[in-house]
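Biologist: I am new to this structure. Please walk me through it in short steps.

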Amino acid sequence: MERPLATAHGVIARCKSLAECTSESGFTTRPFLSEPMREVHLRLGAWMQQAGMSVSIDAVGNLRGGYAAQQPSAPRLFIGSHLDTVPRAGAYDGVLGVVLGVALVELLDGRRLKFHIEVVGFSEEEGLRFGVPFIGSRALIGGIDGELLGRRDANGVRVVDAIRAFGLDPLRIGDAQAGGDSLGYVEFHIEQGPILESLGLHLGVVEAIAGQSRLEMIFKGQANHAGTTPMHLRHDALAGAAEWITSVEKEAHATAGLVATTGRLHAEPGASNVIPGIVHASLDVRHADDAVRRPAVERLLRSAQEIAARRGLSVSWERHLDQAEVAMDTSLTGTLERAVANSGYPVHRMNSGAGHDAMIVAKRMPAAMLFLRSPGGISHHFSETVLEEDVAAALVTGLRFLEEVEAGRD
Ligand code: HGY
Ligand code: MN
Ligand code: MN
């Protein structure tokens, strides 16, 4: 166990080093195809090379490290997670899974297996820059279309232009697809919630990932003078949005397992002495059961219409994501469970409330996920952390998992 503990220390140090790559000084904020992502590619790419991997960057900016099998014709196991972050993120969401993948290859110490290993650092998972998540993993399964390439960021830059500006060729996006030799995909990720900690467990095996909806709501009223317009003659878009946000919270409280969030709000023209005329509000809705989530979204939209009509506002929306719940592959998850048990850890199955690249990759190949305990249940915040002993547990389990997959090739 000494080696994984030393390596766990190194894994955490590497995650902290990558957290320095940011577009907002003093925090870790790293959008898709941003300048700090180049530095992440350089640092991770160097570690991959030291581990004996061949390094490339595909046409959507995914960093890919290949570790060759004994035979060139062998199938390929992907180990991956994402390298982009939410604003003011922690050092581990996404990055940990990629750094752990590289560490597992290092621990093989040059030993070649009956399958190739490809460690993928996906370029985009959070949806920060273009409002839609999973651009990196979508490229791996051939899921990038013209509509996505034409989407614009806050500065009006299209996805296709951002790809060119990063020095990549959008015409080669098709080459990013995983081939027919794909054996499966495994993702290591912090839990981002309090369950494992409450149970006193190092690790959790993911059974299914909850579906999610993401929308942008636009409330329109009448901007006007804050001093001269009496209260009963106002059409305040922000007051309407605020009433709706409160109703969203009530609806989520009233529906078991439903979570609904407005995390971004933008009021125009945005002055203390002007009644807000236009408000953009994000909406994120999740539930483990799509049959609960989808009707809930429709109820929230009807509630927005009722509130807007009563206040003399208009409301419209753009649907950015309707991602169905996804079950992990039973057989690969069974292999992962054996690895957890044979490493001496209790097997705990759980669902994921957070979205993950695994839910996209699962459309193309068997996918499995291992969670590491999140101290304090905190994530999507700079105080997010992980324990060295849990990283060591993930490394031991990861090595066992590779052994189990190897044994399955006999
Ligand atoms: O938002 C999510 O669920 C994930 O962290 N991308
Ligand atoms: Mn995240
Ligand atoms: Mn993540």
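What follows is a set of questions and answers on domains, cores and two residues.

Modeller: This is a predicted model, where local features need pLDDT of at least 70, side-chain atom pairs count only at pLDDT 80 or more, and totals for chains, interfaces and linings use all residues. Residues are numbered from 1 along each chain as written, chains are lettered from A and ligands numbered from 1 in written order, and side-chain values use heavy atoms, without hydrogens and water.

Biologist: Which residues make up domain 1 and domain 2?

Modeller: The bounds come from an automatic or database domain assignment. Domain 2 covers 211–323. Domain 1 is given as 2–209 + 325–407.

Biologist: How many residue pairs are in polar contact across the interface of domain 1 and domain 2?

Modeller: Contact means heavy atoms within 4.5 Å, and 18 residues of domain 1 contact 10 residues of domain 2. No salt bridges (a side-chain nitrogen of Lys or Arg within 4 Å of a carboxyl oxygen of Asp or Glu) are counted between domain 1 and domain 2. A polar contact is a pair of N or O atoms within 3.5 Å; within protein, one must be able to donate a hydrogen and the other to accept it, and residues adjacent in sequence count only if both atoms are side-chain atoms. With both residues at pLDDT 80 or more, the number of pairs is four.

Biologist: Which helix gives the most to the largest nonpolar core?

Modeller: A nonpolar core is a set of buried Ala, Val, Leu, Ile, Met, Phe, Trp, Tyr and Cys residues joined through side-chain atoms within 4.5 Å. The largest one has 78 residues, and Leu 44 and Ile 117 are among those with the most contacts inside it. With 11 residues, the top contributor is helix α3 (residues 95–108).

Biologist: Is His 41 buried or exposed?

Modeller: His 41 sits in helix α2 (residues 35–50); helices (H or I, at least four residues) and strands (E, at least two) are DSSP runs, numbered from the N terminus. Buried means under 20% relative accessible area, exposed over 50%, partly exposed in between (1.4 Å probe, protein chains only). His 41 has a relative accessible area of 7%, so His 41 is buried.

Biologist: Why is Val 315 classed as buried?

Modeller: Val 315 lies in strand β13 (residues 314–323). Not counting residues up to four places away in sequence, Val 315 touches several residues, including Met 217, Phe 219 and Ala 308. Val 315 is classed as buried because its relative accessible area is 18%.
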